[in-house]
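Biologist: Please take me through this model, and for every label tell me why it applies.

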Amino acid sequence: MTLTVALIAPGSMGAAVGRYLRDHGLDVCTTLAGRSVATRERAAAAGLREVEQEQLGEADILLSIVPPSEALPLAQELAPLLGRMKKTVYVDCNAIAPATVEQVGQTLTDAGCAFVDAAIFGTPPSPERTCPSFYASGEHAARFAQLNDYGLPVKVLEAPIGAASGLKMSYAGITKGLTGLIAAMVQAAERSGSGQALRDELKCSQPMLYEWANEKLPDMYPKAYRWVAEMEEIAAFAQKDRPSEALYLAMAQLYWRLAENRAAGAGNDVAELEKWLAR
């Protein structure tokens with residue numbers, strides 16, 4: 001019997017994952033009520049089947065792939081339905097702190113719905129790129145791991161709810177934190193008149209960081225607005241009143257400012273990075 005996977009929502013990652021699963025033989029559905037024209041177009045291009053919200057409870061697996069701020073409200077909205085149907089395992093794949101994912105999980109399990117904590121590592125799948133890896137934890141992780149049979153790389157952690165999201169926070173804190181740190185120092189160097197010297201020295205003595213900067217900075221611009229909430233979740237993961245909490249709250253502000261500059265088409269922050277990259 002073919003598994004049915006419900007996917008919310010068909011953003012850039014969600015739609016790509018949905019297409020990948022559909023291309024590997026699964027029935028993939030989504031709800032589009034109240035969604036934008038762009039979201040509807042992505043869902044149609046991915047071949048996702050549109051259903052009413054009440055039909056989500058008929059799915060074997062539901063993947064939640066939404067911005068961090070929407071993870072808990074979505075679970076709260078769907079918990080009564082999924083708990084009543086008692087068929088679906090709800091898999092939270094969002095970039096949220098363990099404390100947040102525990103709230104999501106508690107909301108669903110209290111309603112009688114099976115829950116899995118999951119984390120995505122990698123970029124949206126496409127014909128040119130392989131599928132990202134999914135890590136999963138919690139007692140129902142094996143149900144999600146059935147998707148390995150359909151080409152989705154699911155790695156089960158023998159650990160409780162919170163382990164997969166904690167892994168995601170640690171990894172993103174390093175990778176996206178490094179990109180933010182480079183952006184901050186490139187801006188400072190440009191303002192001080194030492195931008196060219198910094199570029200030359202990185203190329204000479206830190207070639208890996210030089211390549212990281214050239215690849216990751218331009219790639220970051222359109223994602224900066226999404227990374228704000230993720231940095232805030234990482235700050236919560238780092239725990240209150242620790243220096244690392246303040247570090248990632250500041251990183252959230254850095255990404256917020258870059259996103260605002262880009263959206264407005266004005267401001268010095270993005271321009272400084274572009275100038276440095278063009279040297």
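**Labels and their cut-offs**

Modeller: Ser 133 is found in strand S7. This is a predicted model, in which local features need pLDDT of at least 70 and side-chain atom pairs count only at pLDDT 80 or more, while totals for chains, interfaces and linings use all residues. Residues are numbered from 1 along each chain as its sequence is written, and side-chain values use heavy atoms, with hydrogens and water left out.

Biologist: What makes a stretch a helix or a strand?

Modeller: Both are DSSP runs, numbered from the N terminus: a helix is H or I with at least four residues, and a strand is E with at least two.

Biologist: Why is Ser 133 called buried?

Modeller: Buried means under 20% relative accessible area, exposed over 50%, and partly exposed in between (1.4 Å probe, protein chains only). Ser 133 has a relative accessible area of 17%, so it counts as buried.

Biologist: What is Ser 133 in contact with, leaving aside neighbours within four places in sequence?

Modeller: Contact means heavy atoms within 4.5 Å. Under that exclusion, Ser 133 touches Ala 119, Ile 120, Phe 121, Pro 153 and Lys 155.

Biologist: Why is S7 described as largely enclosed by the rest of the structure?

Modeller: The description follows because 4 of the 5 residues of S7 are buried.

Biologist: How do you know which strands S7 pairs with?

Modeller: Two strands pair if DSSP finds at least two bridges between them. S6 and S7 have 5 bridges, in the antiparallel sense, and S7 and S8 have 3, in the parallel sense. Across the first of these pairings, Ala 119 has Tyr 135 in S7 as its bridge partner; across the second, Phe 134 stands opposite Val 154 in S8.

Biologist: What is the strand order of the sheet?

Modeller: The sheet is open, with 8 strands in the order S3-S2-S1-S4-S5-S6-S7-S8 and mixed pairing. Strands S3 (49-50) and S8 (154-156) each have a single partner strand, so they stand at the edges, with one side of each left without a neighbour in the sheet. Elsewhere, S1 (residues 4-8) and S4 (residues 61-64) pair in the parallel sense over 4 bridges, and Leu 7 stands opposite Leu 63 in S4. Helix H4 (residues 98-111) packs on the sheet, touching strands S5 (89-92) and S6 (114-121). The direction of H4 makes about 150° with that of S6; axes are lines fitted to C-alpha atoms, for helices over the stretch in contact, and angles run from 0 to 180 degrees between N-to-C directions.

Biologist: How many aromatic pairs are there, by what rule?

Modeller: Rings of Phe, Tyr and Trp (its six-membered ring) pair if their centres lie within 6.5 Å; planes under 30 degrees apart count as stacked, over 60 as edge-to-face, and the rest as tilted. The count comes to 5 aromatic pairs. One of them joins Phe 134 and Phe 144, with centres 6.0 Å apart and planes at 75°, and is therefore edge-to-face. Phe 134 in strand S7 (residues 133-137) and Phe 144 in helix H5 (residues 141-144) are 10 residues apart, and the pair links distant parts of the chain. Phe 134 and Phe 144 are both buried.

Biologist: What makes the pair of Trp 227 and Tyr 255 edge-to-face?

Modeller: Their ring centres are 5.2 Å apart and their planes stand at 90°, so that label applies. Trp 227 lies in helix H9 (residues 224-237) and Tyr 255 in helix H10 (residues 243-264), 28 residues apart. Both Trp 227 and Tyr 255 are buried.

Biologist: How do you know that a charge sits over a ring?

Modeller: NZ of Lys or CZ of Arg must be within 6 Å of the ring centre and within 35 degrees of the ring normal. The charged end of Lys 216 sits over the ring of Trp 212, 5.0 Å from its centre. Lys 168 lies over the face of Phe 121, at 5.4 Å from the ring centre.

Biologist: Why is Lys 216 called partly exposed, but Lys 86 exposed?

Modeller: Lys 216, in helix H8 (residues 207-220), has 26% relative accessibility, so it falls in the middle class. Lys 86 has 58%, so it counts as exposed. Lys 86 lies in the loop between helix H3 (71-85) and S5, and has a positive phi of about 55° although it is not a glycine.
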